[in-house]
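These are my notebook entries on a single protein chain. I wrote them while going through the structure, annotated positions first and backbone details last.

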Amino acid sequence: MKRVAVLGATGSIGASALDVIARHPTALRATVLAAGRQVDALVELCRQHRPEHAVIADEAMLGRLRDRLRGAGLSTIAHAGDAALVELVGGDACDTVVAAIVGAAGLPSTLAAARAGKRLLLANKESLVLAGELLMAAAREGGATIVPIDSEHNAIFQCLPDAPARDGLARIILTASGGPFRGRSRASLRDVTVEQAVAHPKWSMGPKISVDSATLMNKGLEVIEAHHLFDVDGDRIQVLVHPQSLVHSLVEFVDGSTLAQLGLPDMRTALAVGFAWPQRIASGVSGLDLLAEGGRLEFEPPDLDAFPCLRLAFDALAAGGTAPAVLNAANEVAVSAFLQRRVGFLSIPAIVEDTLAALPAIPAVSLDALHDADAAARRHASRAVDDRSSA
Ligand code: NAD
Ligand code: MG
């Protein structure tokens with residue numbers, strides 16, 4: 001029986017993870033559920049999944065969580081705050097951790113799971129972008145197995161699971177759906193709305209990653225993520241737009257072979273791989289009928305003029321040091337301001353570019369240095385938001 005902590009339980013990945021867990025009651029059990037601020041949704045999940053522990057990030061909500069759990073007649077123990085979450089993740093309440101908190105807020109718990117040698121189902125890509133070297137080193141030292149849950153990286157993991165094959169790796173080809181604005185010019189994106197930006201054509205996801213998919217920053221973060229997970233430099237990572245979203249990524253070897261993983265766009269497949277690898281378990285996702293899906297697989301290059309965020313991410317990876325942390329933090333601030341309708345869509349790449357220019361990369365020697373860079377970027381980007389929203 002695997003004892004699973006689902007971090008970000010009330011989110012989109014959290015729901016998919018709990019769906020797969022519930023299909024395998026004798027093999028998988030959710031023992032820890034964690035969320036940011038949604039007490040009622042968390043208690044409802046506790047009612048369904050009966051975990052031993054529930055954690056709410058906002059410490060002011062601990063009393064409410066405890067009262068609601070008790071009111072529902074549940075014996076789930078209530079906790080609050082980052083420190084409590086880190087302790088539970090590192091302790092024996094779980095052996096498997098689904099890291100699906102959105103944003104840099106997921107780093108402490110993801111790091112704790114890596115250090116404690118857990119099986120780490122890693123959806124929280126921002127933690128890799130912010131502190132990829134430290135996180136990968138922590139996993140090596142702690143003996144953790146990382147299974148990437150991002151569909152592209154999960155595809156690459158499936159094509160390239162073991163170390164010997166990695167010596168013959170030539171290139172990674174990440175596929176991108178192109179998002180809701182594929183084919184549009186930069187000028188035509190000026191007045192797009194939040195509703196249009198979060199309406200992803202192929203995937204149903206949380207609001208932040210949906211906006212990232214619309215700007216192509218999501219693919220940029222994924223390039224940096226792939227660099228850390230598979231130890232490849234940016235010049236050996238290609239991005240191809242693939243509107244059908246059926247080929248989740250490809251791996252090319254030095255002998256001319258290219259392997260791809262295909263499937264319907266449903267994150268439960270990646271999560272089932274993460275729970276069971278190297279075995280396979282049912283995920284609730286049906287097999288792929290290529291004819292029913294239209295019988296076509298198309299590929300095109302990304303438009304870096306309309307979607308400069310992808311270029312900014314490649315540049316940040318090449319600059320190294322604190323640049324990816326700055327990119328990520330500025331993007332989180334800009335996307336949040338866009339979702340609050342304080343700035344327009346094109347302000348997202350503009351704010352990220354401006355912040356990267358203002359805070360040149362320095363070597364990232366420690367977690368403290370990365371946290372400082374993250375904080376400085378958030379301050380700079382927040383001022384840029386203020387300037388733009390009052391203009
Ligand atoms: P979401 O917005 O649906 O859910 C986010 C979850 O994080 C919620 O449960 C929320 O309560 C929790 N949370 C937010 N701030 C928190 C904090 N400070 N402390 C603790 N919990 C906090 O997001 P999502 O779409 O499920 O994405 C989660 C992560 O997975 C992101 O990093 C995203 O990039 C990655 N991811 C998602 C998908 C997808 O299909 N949704 C695909 C690939 C990768
Ligand atoms: Mg992805």
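**Entry 1. Ser 213**

In which helix is the place of Ser 213? I located Ser 213 in helix α10, which covers residues 207–215. I note at the outset that I am reading a predicted model.

I looked up Ser 213 because it is on a UniProt "binding site" list from an unreviewed entry, together with Lys 125, Ser 151, Glu 152, Ser 177, His 200, Asn 218, Lys 219 and Glu 222. From this set, Ser 151 belongs to the lining of the largest cavity.

I then asked whether Ser 213 is buried or exposed. Its relative accessibility is 8%, and the limit for buried is under 20%, so I recorded Ser 213 as buried.

For contacts I left aside neighbours within four places in sequence. On that basis Ser 213 is in contact with Gly 178, Gly 179, His 200, Met 205 and Asn 218. His 200 and Asn 218 also appear in the UniProt list cited above.

**Entry 2. Asn 218**

I followed the contact from Ser 213 to Asn 218. Asn 218 is placed in helix α11, residues 217–230. With a relative accessible area of 7%, Asn 218 is buried.

Which residues does Asn 218 touch, not counting those up to four places away in sequence? I found Lys 125, Ile 209, Asp 212 and Ser 213. Lys 125 and Ser 213 are both named in the annotation that also covers Asn 218.

**Entry 3. A further annotated set**

I also looked up a UniProt "binding site" annotation, again from an unreviewed entry, that lists Thr 10, Gly 11, Ser 12, Ile 13, Gly 36, Arg 37, Asn 124, Glu 126 and Gly 206. I examined Thr 10 and Gly 36 from this list.

Thr 10 is in the loop between β1 (2–7) and α1 (12–22). At 27% relative accessibility I entered Thr 10 as partly exposed. Residues up to four places away in sequence not being counted, Thr 10 touches Ala 35, Gln 38, Ala 41, Leu 42 and Leu 45.

Gly 36 is in the loop between β2 (28–35) and α2. Gly 36 has a relative accessible area of 31% and is likewise partly exposed. Neighbours within four places in sequence aside, I found Gly 36 in contact with Ile 56, Ala 57 and Asp 58.

**Entry 4. Asn 328**

I turned next to Asn 328, whose place is in helix α14 (residues 323–339). What is its relative accessibility? The value is 0%, so Asn 328 counts as buried.

Leaving out neighbours within four places in sequence, I listed Ala 104, Glu 126, Val 129, Lys 208 and Leu 221 as the contacts of Asn 328. Of these, Glu 126 is on the UniProt list of Entry 3.

**Entry 5. Helices α15 and α16**

Two packed helices are described by the angle between their axes and the distance between the axes. For helix α15 (residues 347–358) and helix α16 (residues 367–390), I noted an angle of about 135° and axes 9 Å apart. At that angle α15 is oblique to α16. The crossing of α15 past α16 is right-handed.

Which residues make the contact? On the α15 side I recorded Ser 347, Ala 350, Ile 351, Asp 354, Thr 355 and Ala 358. On the α16 side I recorded Ala 377, His 380, Ala 381, Ala 384, Val 385 and Arg 388.

I checked one further residue of α16, Asp 372. With a relative accessible area of 53%, Asp 372 is exposed. Its C-alpha atom is separated by 9.7 Å from that of Val 326, and the two residues are 46 apart along the chain.

**Entry 6. Backbone details**

Most residues other than glycine have a negative phi, and most peptide bonds are trans. I therefore looked for departures from this pattern.

Which peptide bond is cis? I found the bond from Trp 277 to Pro 278 to be cis, with omega near 10°. Pro 278 is in the loop between α12 (268–276) and α13 (308–319).

Arg 50, which is not a glycine, has a positive phi of about 50°. I placed Arg 50 in the loop between α2 (39–49) and β3 (53–56).

Ser 245, also not a glycine, has a positive phi of about 55°. Ser 245 is found in the loop between β9 (237–241) and β10 (247–253). At 6% relative accessibility, I recorded Ser 245 as buried.

Notes:
Residues numbered from 1 in each chain as written. Chains lettered and ligands numbered in written order. Predicted model: local features only at pLDDT ≥ 70, side-chain atom pairs only at ≥ 80, totals over all residues. Heavy atoms only, no water. 1 Å grid on protein atoms, 1.4 Å probe; cavity = no way out; pocket = protein on both sides within 12 Å on 5 of 7 lines; lining within 4 Å. Helix = DSSP H or I, 4+ residues; strand = E, 2+ residues; numbered from the N terminus. Buried < 20%, exposed > 50% of the residue type's maximum accessible area, 1.4 Å probe, protein only. Contact = heavy atoms within 4.5 Å. Axes fitted to C-alpha atoms, helices over the stretch in contact; angles between N-to-C directions. Parallel < 35°, antiparallel > 145°, perpendicular 65-115°, else oblique. Left-handed = near helix turned anticlockwise from the far one by under 90°.
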